[in-house]
Amino acid sequence: MLSYDYIKCADLNLAFQELEEGEQVYPLAGGTDLIVGMRGGKFAAKTLIDIKDVPELNVLKEDDQGITIGAAITLNEVTGFTPVRENVPILAEGCHSVGSYSIRNRATIAGNICNASPAADTAAPLYALDAVINIAGSGGNRSIPIKEFFIGPGKTALNKGELVQSVLIRKPYPKGKGIYLKASRTGSVDLATVGVAVQRWGDQVKIAIGAVAATPVRAFSVEKAVNEAGEKRWADAARLVHEDISPITDLRGSREYRYHMVEVLVRRGLEQTMGV
Ligand SMILES: Cc1cc2nc3c(=O)[nH]c(=O)nc-3n(C[C@H](O)[C@H](O)[C@H](O)COP(=O)(O)OP(=O)(O)OC[C@H]3O[C@@H](n4cnc5c(N)ncnc54)[C@H](O)[C@@H]3O)c2cc1C
């Protein structure tokens, strides 16, 4: 039986205080990673700070800056938000590929990235969109690019006393199609064996991949071939992805299978976004 203190927090400053002063204090968003992890012994939480009712974290808006997704906003809310669907549908695809409808009714983007799994389904789309992570803490606020947020498996750039306030997709939005392709063992509820986000930006492309390294990674070798050398033979470009990844073998797939599938999905992504 799990034993922990539970604090329902409607005040951001109270959350900062608890996070800074307490030991083994965890923000609780949807709980779909945290509670499962506590039951499995991954997190030894003594206190959970329920942040779902904090007003500053319940923001979902589009303004001059772009689209801001607060840390308490669920994946289903993101998927249903018209500015996301119209301008950055690749993010809606990433959110939609997480778990099941009922999981997505609780789970958040902030929880997905703060869990810092290299296989997090929203991460690759966020990398391909150059998303910004807005971090808040008692010492002040700061914003960092998503690529600096992931440090390693289970490790983020958050300092003690800080939490993610929101994710920002900046304007100008990408011009062109984006697609998130996920390979998993089952057709339905499963983590990605590999996840590939391919986002066209005019005549350029940004590609990000999950579950093939300690953090999600950009496929810079492929991007360079397409964006700088003008490579249009997508199969040749996709082969270069091997230089960008260092997959491991685990219960979801072998290293060799991951190399193969990433190449296949990058090629398909290029065909579907940049044209056959
Ligand atoms: C059945 C099932 C299927 C799943 N399938 C998938 C899948 O297909 N793809 C996938 O990517 N994931 C999957 N997951 C994992 C999980 O649902 C997602 O990672 C989800 O987005 C986590 O969000 P959450 O709001 O529930 O996070 P929580 O569980 O509340 O939190 C996760 C971690 O982030 C921390 N945290 C939460 N919010 C903040 C914040 N604002 N600031 C700082 N730290 C914070 C928590 O303390 C905790 O350490 C699955 C989980 C289950 C149970």
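## The three-stranded sheet

Three strands make an open sheet, ordered β1-β3-β2 and paired in parallel. The edge positions go to β1 (5-8) and β2, each with a single partner strand, so one side of each has no neighbour in the sheet. On average, neighbouring strands here are turned by 25° against each other, direction ignored. A word on terms: helices (H or I, at least four residues) and strands (E, at least two) are DSSP runs numbered from the N terminus, and two strands pair if DSSP finds at least two bridges between them. Axes are lines fitted to C-alpha atoms, for helices over the stretch in contact, with angles from 0 to 180 degrees between N-to-C directions.

Now the pairings themselves. β1 meets β3 (residues 47-50) in the parallel sense over four bridges, and lysine 8 has aspartate 50 as its bridge partner in β3. β2 and β3 are also parallel, joined by four bridges; there, tyrosine 26 partners leucine 48 of β3. Helix α1 (residues 12-21) lies across β1, β2 and β3, at about 160° to β3 (contact means C-beta atoms, placed from the backbone, within 7 Å).

What covers the faces of β2? Val25 and Pro27 sit on one side, Tyr26 and Leu28 on the other, and all are buried. Burial is a count of other C-beta atoms within 10 Å of a residue's own, with C-beta atoms placed from the backbone: 20 or more is buried, 12 or fewer is exposed, and in between is partly exposed. As background, side chains in a regular strand alternate between the two faces of the sheet.

## Ground rules and domains

Keep in mind that this is a predicted model: local features need pLDDT of at least 70, side-chain atom pairs count only at pLDDT 80 or more, and totals for chains, interfaces and linings use all residues. Residue numbers start from 1 along each chain as its sequence is written.

The domain assignment splits the protein chain into domain 1 (5-50), domain 2 (57-170) and domain 3 (178-274); such bounds come from an automatic or database domain assignment. The centres of domain 1 and domain 3, taken over C-alpha atoms, are 34 Å apart.

## Around the ligand

Which two domains does the ligand lie between? Domain 1 and domain 2 both give residues to its shell, so the ligand lies between them. The shell counts 30 residues, the closest being Ala29, Gly30, Gly111, Asn112 and Cys114. A residue is near a molecule or strand if its C-beta atom, placed from the backbone, lies within 6 Å of it.

At least two shell residues come from each of β2 (25-28), α2 (34-39), α7 (109-114) and β10 (162-170). α7 gives the most, with four residues. By class, the shell has 19 nonpolar, eight polar and three charged residues. Here Ala, Val, Leu, Ile, Met, Phe, Trp, Tyr, Cys and Pro count as nonpolar, Asp, Glu, Lys and Arg as charged, and the others, Gly among them, as polar.

## The four-stranded sheet

Another open sheet has four strands in the order β11-β12-β13-β14, this one with antiparallel pairing. β11 (178-183) and β14 (217-218) are at the edges, each with a single partner strand, so one side of each is left without a neighbour in the sheet. β11 and β12 (residues 194-201) run antiparallel, joined by six bridges; lysine 182 has glycine 195 as its bridge partner in β12.

Helices lie across these strands too. α5 (residues 89-96) lies across β11 and β12, at about 20° to β11, while α12 (residues 255-274) lies across β11, β12 and β13 (204-210), at about 25° to β12.

## Loop residues worth a look

Alanine 71 is in the loop between β5 (66-70) and α3 (75-79). With 27 C-beta neighbours inside 10 Å, alanine 71 counts as buried. Leaving out residues up to four places away in sequence, alanine 71 touches nine residues' worth of company, including Ala29, Ile51, Leu57 and Thr108.Most residues other than glycine have a negative phi, and most peptide bonds are trans. Glutamine 24, in the loop between α1 and β2, has a positive phi of about 55° although it is not a glycine; glutamine 24 is exposed, with 11 other C-beta atoms within 10 Å. Aspartate 130, in the loop between α8 (123-128) and β6 (132-137), also has a positive phi of about 55°, and is partly exposed, with 17 other C-beta atoms within 10 Å. Lysine 171 and proline 172 are joined by a cis peptide bond, with omega about -5°; proline 172 is found in the loop between β10 and β11.

Notes
Contact = placed C-beta atoms within 7 Å.
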